[in-house]
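Student: I have a structure open in front of me and I don't know how to start reading it. Could you walk me through its features?

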Amino acid sequence: MVRRITLGNGDPKRLFIGGLHGDEWRYTSSILESLDAPGTGTLIIIPKLTDRAYISTLDDRYYDYGSYGRDVIAAIVEIKPEIYLELHSYHDFDGLTDPGRIHKAGVPAYIELDDGVLIGSISPILRRTCFSMYDLCLSFEIPAGNRKSQRLARELLEFTKDCVSRDEFLDFLLDRYPDQGLRAIENYKRFYGIEKI
Ligand SMILES: [Zn+2]
């Protein structure tokens, strides 16, 4: 059984997950464990999904029977979060932020907010399986072992866990990071073929 932390109660429900593959939990689990209870609703945290070998969440095998992604899907089906967030850590800044990523990996490039903290979309496999296009699903990436990035990520997660709606998060993003926010939203709309968000 994967360890969960439940903070607060009632709606809305948010689910934050770290340690999605390989050793990235080393750089992200303590951030997730340090979060406080939300002002309203529930925050459920899975600080370390797994420490088993790295399989990309873009790979079908991640969600295959017996694989780590099965636990993610089971948690989402059970909790039905309105806000879903993955916290990853990376070594390959150039690969994740490459504007050609859409052609190479089939998903939009991540966008840097500040201090190496990147924002992007979750795996389209998970998105299609578990969410509607209008749910708020976020993926943050932070560089492995960078204190400044960890501080900023914690701050962003503290804010996100208090959001009660997708729009509240988008307003915050556009207010604090106008350029990056617009690019992230444009990527998202283009990727999912949505006219209006
Ligand atoms: Zn990852």
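**Reading the model, feature by feature**

Tutor: Sure. There is one cavity of 30 Å³ or more in the structure. Keep in mind as we go that this is a predicted model.

Student: What volume does the largest cavity have, and which residues are closest to its centre?

Tutor: A cavity is a space where a probe fits but cannot get out. Here the volume of the largest cavity comes to about 230 Å³. It has 19 lining residues, and Gly120, Leu138, Ala184, Ile185 and Tyr188 are the closest to the centre.

Student: Which helices and strands each supply at least two residues of that lining?

Tutor: Look at β6, β7, α8 (166-176) and α9: each of them gives at least two residues to the lining of the largest cavity. By class, that lining has 14 nonpolar, three polar and two charged residues.

Student: Let me pick a residue in α8, then. Is Phe172 buried or exposed?

Tutor: The idea is to look at relative accessible area, where under 20% means buried. Phe172, found in helix α8, has a relative accessible area of 14%, so it counts as buried.

Student: What is Phe172 in contact with, leaving aside its neighbours within four places in sequence?

Tutor: With those neighbours set aside, Phe172 is in contact with Leu156 and Phe159. For a sense of distance, take Thr97: it is 75 residues from Phe172 in sequence, and the two C-alpha atoms are 22 Å apart in space.

Student: Now the pockets. What is the volume of the largest pocket, and which residues are closest to its centre?

Tutor: A pocket, unlike a cavity, is an open set of points. The largest pocket in this model has a volume of about 460 Å³. It is lined by 27 residues, and the closest to its centre are His21, Tyr54, Leu96, Arg101 and Glu141.

Student: Where does the largest share of that lining come from?

Tutor: From β4, which provides four residues. β4 (83-90) and α4 (93-97) each supply at least two residues of the lining of the largest pocket. Sorted by class, the lining of the largest pocket has 10 nonpolar, 11 polar and six charged residues.

Student: And what lines the second largest pocket?

Tutor: The second largest pocket has a volume of about 150 Å³. Its lining includes Thr97, Pro99, Tyr110, Arg183 and Phe191. Helix α9 (residues 178-192) gives the largest share, four residues. Seven residues of this lining are nonpolar, two are polar and two are charged.

Student: Next, the sheet. In what order do the strands of the sheet come?

Tutor: Strands of a sheet pair through backbone hydrogen bonds, either parallel or antiparallel. In this model, seven strands form an open sheet with mixed pairing, in the order β1-β3-β2-β4-β7-β6-β5. β1 (5-9) and β5 (111-114) are the edge strands, each pairing on one side only. On average, neighbouring strands of this sheet are turned by 20° against each other, direction ignored.

Student: How many bridges join β1 to strand β3?

Tutor: Five, and β1 and β3 (residues 41-46) run antiparallel. To find your place in that pair, look for Thr6, which stands opposite Ile44 in β3.

Student: Which strands do α1 and α9 lie across?

Tutor: Helix α1 (residues 25-33) lies across β1, β2 (13-18), β3, β4 and β7 (136-143), and runs at about 145° to β4. As for α9, it lies across β5 and β6 (117-120), running at about 155° to β5.

Student: That leaves the backbone. Which peptide bond is cis?

Tutor: Check omega for that. The bond from Asp11 to Pro12 is cis, with omega near -5°. Pro12 sits in the loop between β1 and β2.

Student: And which residue in the loop between α3 and β4 should I look at?

Tutor: Try Lys80, which is found in the loop between α3 (68-79) and β4. Phi of Lys80 is near 50°, a positive value in a residue other than glycine. Lys80 counts as exposed because its relative accessibility is 60%, and the cut-off for exposed is over 50%.

Student: Where is Asp115, and what is its phi?

Tutor: Asp115 is in the loop between β5 and β6. Its phi is near 50°, again a positive value in a residue other than glycine. With 30% relative accessibility, Asp115 counts as partly exposed.

Conventions
Residues are numbered from 1 along each chain as its sequence is written. This is a predicted model: local features need pLDDT of at least 70, side-chain atom pairs count only at pLDDT 80 or more; totals for chains, interfaces and linings use all residues. Side-chain values use heavy atoms; hydrogens and water are left out. On a 1 Å grid over the protein atoms alone, a cavity is a set of points where a 1.4 Å probe fits but cannot get out, and a pocket is an open set with protein on both sides within 12 Å along at least five of seven lines; lining residues have an atom within 4 Å of a point. Grid points are joined across faces, edges and corners, and a volume is the space filled by probe spheres set on the points. Ala, Val, Leu, Ile, Met, Phe, Trp, Tyr, Cys and Pro count as nonpolar, Asp, Glu, Lys and Arg as charged, and the others, Gly among them, as polar. Two strands pair if DSSP finds at least two bridges between them. Axes are lines fitted to C-alpha atoms, for helices over the stretch in contact, and angles run from 0 to 180 degrees between N-to-C directions. Contact means heavy atoms within 4.5 Å. Buried means under 20% relative accessible area, exposed over 50%, partly exposed in between (1.4 Å probe, protein chains only).
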